[in-house]
Amino acid sequence: MPIVGVWKLRQPEFLFIVPATALLFLVSPFLAPGSVSPSTALSVFSFASILAVAAIGQTLVIQQGGLDLTVPGVISLAAVLVTKYPDGDNAQLLAWAATAVGAGFLSGLVNGVAITRFRVTPLVATLAVNALLNGVVLYITKGTSTHQAPSWLSDFAVGRLAGIPNLAIAALIAVVVVEVGVRTTKFGRRFVAIGANASAARAAGHRVATYQVVTYALAGALYATSGVLLAGYLGIPSLLIGNTYLLPTIAVVVLGGTSLLGGAGSVAATAVGAVFLSQLQQVTIGMGARTSVQFIIQAAIIALGMALRLVPWRRILADLQNWRLARGASA
C-alpha cells in the first residue's frame, strides 16, 4: 500500500506552523512587552514541553481517527501519585513514577478495548474513563491538595542543561523517538496505513484493532508522563490540574496540521504547535486578557482546523468561478 507520501513532514500542512511560530515571537514584544524576556521564554518553553509530551499521545490517537478525552484525568492522577504517596521521599520516586505511567497505560488500554472490541464510540468511552479517573483522584486525595513533589523530580523539572530546560530536552527526545518510529519502522508504516484507511488496512491483513488498542495505551502513558513532569515543575500541583490540558492538546494537534479525521500527522509539527500556543497564551496574559479569552482562542483554533478539513473549499471556489463565468457570459 503506497503510504510514503501520506506522512512526510515536508507537506505544506505540517510546515505552516513553523513560520507562524517564528512570526508570533517576532510580533510578541510589540503586543505584550516582556513576553519574550529570558525568564518568560524559559517558562513558555517549559510549559510547552509538558503540553507537547501529552499532545504526542493525542496526535497518535487522532491519526487513528479517534479522540481521547482522558487527558485531564490521566494527568491529574499521575500528578497525585508522584506527590501524595512518595510524600517527598526521593527513594520512592521511581516506583511511584512508574506506577503513574503504568496507570496511564492501563487507562488507555481500557479505552482501546472498549472502542475496538465493544464498539463504544471514542467520545463516550474516553469520557467515561476520564470520569472514572477523576473519581479515583478525589477518592485518594479526599478532595484536598496533594503533597510536595520529591526534590529530585522538582530539580529535574526546573533544571537546565547548557541553558536549555530539561523539560524541553525530554520533550525533544520523545518527539524524535516517536517521529522516527512512525517513519522508519514496520509498525510505523502500518500505523499510518491503518489511520489513512482502516478498511483497506484490514483487507490487507493488518491487525487494525491491535494497533488501535496499542495506540490508546501508549497515549495514556504519554499523558501520565506529562503529569509527572508537571507535578515536578509546579512542586505542589493543584487538585485536578489536568483539567486545563484537554483543549490545548487538541488545539496543538490542529495547529500542527494533523487532520482530525485521521490519517496523516506529525508529532514534530504538534510540538511546534505547543510552543506557538504557549507563547500565544503568554501574549494574551501580557495584554491583560481574561482566562476566558484563552479558551475562546483554543476553541477557535479547533473550529478553524475542522473547517479547513471538512468544508469543500475547492468545490466552493470552482462553483464561484463558474458563477462568475456564467454571469460574464450573460452580460
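How many nonpolar, polar and charged residues are there in the lining of the largest pocket? The split is ten nonpolar, eight polar and no charged residues. Keep in mind that this is a predicted model. Here's a quick tour of its pockets, its one cavity of 30 Å³ or more, its largest nonpolar core, its aromatic pairs and a couple of individual residues.

**Largest pocket**

- The space in the largest pocket comes to about 480 Å³.
- Its lining takes in 18 residues, and the ones nearest the centre are Phe47, Thr244, Tyr245, Gln281 and Gln294.
- Four helices each put at least two residues into that lining: α3 (38-63), α11 (208-234), α13 (267-286) and α14 (291-310).

**Second largest pocket**

- Next comes the second largest pocket, with about 360 Å³ of space.
- Of the 17 residues lining the second largest pocket, Leu60, Ala174, Val177, Val178 and Leu222 sit nearest its centre.
- Two or more lining residues come from each of α3, α8 (166-184), α9 (186-196) and α11.
- The top contributor to this lining is α8, which gives six residues.
- Sorted by class, the lining of the second largest pocket holds twelve nonpolar and five polar residues, and no charged ones.

**The cavity**

- Just one cavity of 30 Å³ or more turns up, and the largest cavity has a volume of about 30 Å³.
- The residues around the largest cavity are Val74, Leu77, Ala78, Ala100, Ala103, Gly104, Ser107, Leu133 and Ala224.
- Helices α4 (71-84) and α5 (93-116) each supply at least two residues of this lining, and α5 gives the most, with four.
- What classes line the largest cavity? Seven of the residues are nonpolar, two are polar and none is charged.

**Nonpolar core**

- As general background, nonpolar side chains tend to be buried together in soluble globular proteins.
- Here, the largest nonpolar core runs to 76 residues, and Ile56, Leu60, Ile75 and Tyr223 have the most contacts inside it.
- Helix α11 provides the largest share of this core, eleven residues.
- Leu60 is worth finding on screen: it is among the residues with the most contacts inside the core, and Leu60 is also one of those nearest the centre of the second largest pocket.
- Leaving aside residues up to four places away in sequence, Ile75 touches Ala54, Tyr223, Ser226, Gly227, Leu230, Ile241, Gly242 and Tyr245.
- Two names on that contact list of Ile75 come up elsewhere too: Tyr223 is another of the core residues with the most contacts, and Tyr245 is one of the residues nearest the centre of the largest pocket.

**Aromatic pairs**

- Searching the whole structure gives four aromatic pairs.
- Phe25 and Phe45 make one of them, a stacked pair with 6.2 Å centre to centre and 20 degrees between the planes.
- This pair ties together distant parts of the chain, with Phe25 in helix α2 (residues 17-31) and Phe45 in helix α3, 20 residues apart.
- Both rings belong to partly exposed residues: Phe25 has a relative accessible area of 24%, and Phe45 comes in at 34%.
- Phe187 and Tyr211 also count as stacked, because their ring centres are 4.8 Å apart and their planes are at 20 degrees, under the 30 degrees cut-off.
- That pair joins distant parts of the chain as well: Phe187 lies in helix α9 and Tyr211 in helix α11, 24 residues apart.
- Buried or partly exposed: which label goes with Phe187, and which with Tyr211? Phe187 is partly exposed at 36% relative accessible area, whereas Tyr211 is buried at 11%.

**Two residues to click on**

- Thr40 belongs to helix α3, and at 13% relative accessible area Thr40 counts as buried, because the cut-off is under 20%.
- Beyond residues up to four places away in sequence, the contacts of Thr40 are Gly34, Ser35 and Gln282.
- Leu69 lies in the loop between α3 and α4, and Leu69 is buried too, with a relative accessible area of 10%.
- With residues up to four places away in sequence left out, Leu69 touches Leu123, Thr126, Leu127, Asn130 and Leu246.
- How far apart in space are Leu69 and Tyr245? C-alpha to C-alpha they are 10.0 Å apart, while in sequence 176 residues separate them.

Definitions and conventions
Residues numbered from 1 in each chain as written. Predicted model: local features only at pLDDT ≥ 70, side-chain atom pairs only at ≥ 80, totals over all residues. Heavy atoms only, no water. 1 Å grid on protein atoms, 1.4 Å probe; cavity = no way out; pocket = protein on both sides within 12 Å on 5 of 7 lines; lining within 4 Å. Points joined across faces, edges and corners; volume = space filled by probe spheres on them. Nonpolar A, V, L, I, M, F, W, Y, C, P; charged D, E, K, R; others polar. Core = buried A, V, L, I, M, F, W, Y, C linked by side-chain atoms within 4.5 Å. Buried < 20%, exposed > 50% of the residue type's maximum accessible area, 1.4 Å probe, protein only. Contact = heavy atoms within 4.5 Å. Phe/Tyr/Trp six-rings, centres within 6.5 Å; stacked < 30°, edge-to-face > 60°.
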